[in-house]
Amino acid sequence: MSADARSLVLPTGAVDPVLREIRRHGLADQETGALLLTGPSEMDVLVVAVADTAGIVRGPGLFRVSAVAYDRLFTFAEERSYRTRAMIHSHPEEAFLSRTDRLYSLRVPGFVSAVVPTYAAPPADPAAWGWWRFDRDWVPSSAPVVDDALPPVLTVLFDEEGVRAY
């Protein structure tokens, strides 16, 4: 299977809350991010989980999610039969996977990592971001398809305190 054989599909508007948070934190010179959840066997994104505050560390060149915050999100996903398929995070300038990203991102076969560049003024088009899929190592991948026929996504906040409405 090629790196792009099972590409994510984003509903129109799915990236709006992510871009809003990236811009807000980028203006404060902080990286941030979100995770994308699908159904168990499809690749259509159903949930956008935006990182909140408890157990989330942000700074210039830094976005870290605690194990407890991940556990809260993964439990939420498991209880609802969602699959966590991708992480989006921001960089101050360029879209690349840093050494830290390569080593400490979720290294699960098929997992997708996206980097949104210029976090103070991020590009709205996901095709302008960097996309990689994990397959023994991170390999470049194409951007997800954006489909305006899909229903809107559920957007939630997650952190060590749990998962709640955005």
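Q: What relative accessibility does Thr-118 have, and how does Thr-118 count on that basis?
A: A residue is called buried under 20% relative accessible area, exposed over 50% and partly exposed in between (1.4 Å probe, protein chains only). With 35% relative accessibility, Thr-118 counts as partly exposed. This is a predicted model, in which local features need pLDDT of at least 70 and side-chain atom pairs count only at pLDDT 80 or more, while totals for chains, interfaces and linings use all residues. Numbering starts from 1 along each chain as its sequence is written, and side-chain values use heavy atoms, leaving out hydrogens and water.

Q: Where is Thr-118 found, and what is its phi near?
A: Look in the loop between strand S7 (112-116) and S8; helices (H or I, at least four residues) and strands (E, at least two) are DSSP runs, numbered from the N terminus. Phi of Thr-118 is near 45°, which is positive although the residue is not glycine.

Q: Which residue other than Thr-118 can I look at for a positive phi without it being a glycine?
A: Try Asp-29, whose phi is positive at about 60°. Asp-29 sits in the loop between helix H1 (16-27) and strand S2 (33-38). Its relative accessible area of 39% makes Asp-29 partly exposed.

Q: Now the whole chain: how many helices and strands does it have?
A: You will find 3 helices and 12 strands in the protein chain. The radius of gyration, taken over C-alpha atoms, can be set against a globule rule of 2.2 Å times the number of residues to the power 0.38. Here the radius is 14 Å, close to the 15 Å that the rule gives for 166 residues, so the chain is as compact as a globular protein of that length. Along the principal axes, its C-alpha atoms fill a box of roughly 35 × 30 × 30 Å.

Q: What share of the 166 residues counts as buried?
A: For the protein chain the share is 48%. You can also ask how far apart in sequence the touching residues are, with a contact meaning heavy atoms within 4.5 Å. Among contacts with a separation of 6 or more, 70% come from residues 24 or more positions apart.

Q: How many salt bridges does the structure hold?
A: There are 6 salt bridges, each a side-chain nitrogen of Lys or Arg within 4 Å of a carboxyl oxygen of Asp or Glu. One of them joins the side chains of Glu-79 and Arg-80, at 3.5 Å from N to O. Glu-79 is exposed at a relative accessible area of 60%, and Arg-80 is partly exposed at 41%.

Q: Which parts does the pair Arg-102 and Asp-137 tie together?
A: Their side chains meet in a salt bridge of 3.7 Å, N to O. Arg-102 belongs to helix H3 (residues 99-104) and Asp-137 to the loop between strand S8 (130-134) and strand S9 (138-140), so the pair links parts that are 35 residues apart in sequence. Arg-102 is partly exposed at 30% relative accessibility, as is Asp-137 at 40%.

Q: Is Asp-159 buried or exposed?
A: Asp-159 counts as buried, at 0% relative accessibility. The side chain of Asp-159 meets that of Arg-164 in a salt bridge of 2.7 Å, N to O, and Arg-164 counts as partly exposed at 29%. Follow the shared partners and you arrive at one network of salt bridges joining Asp-52, Asp-159 and Arg-164.
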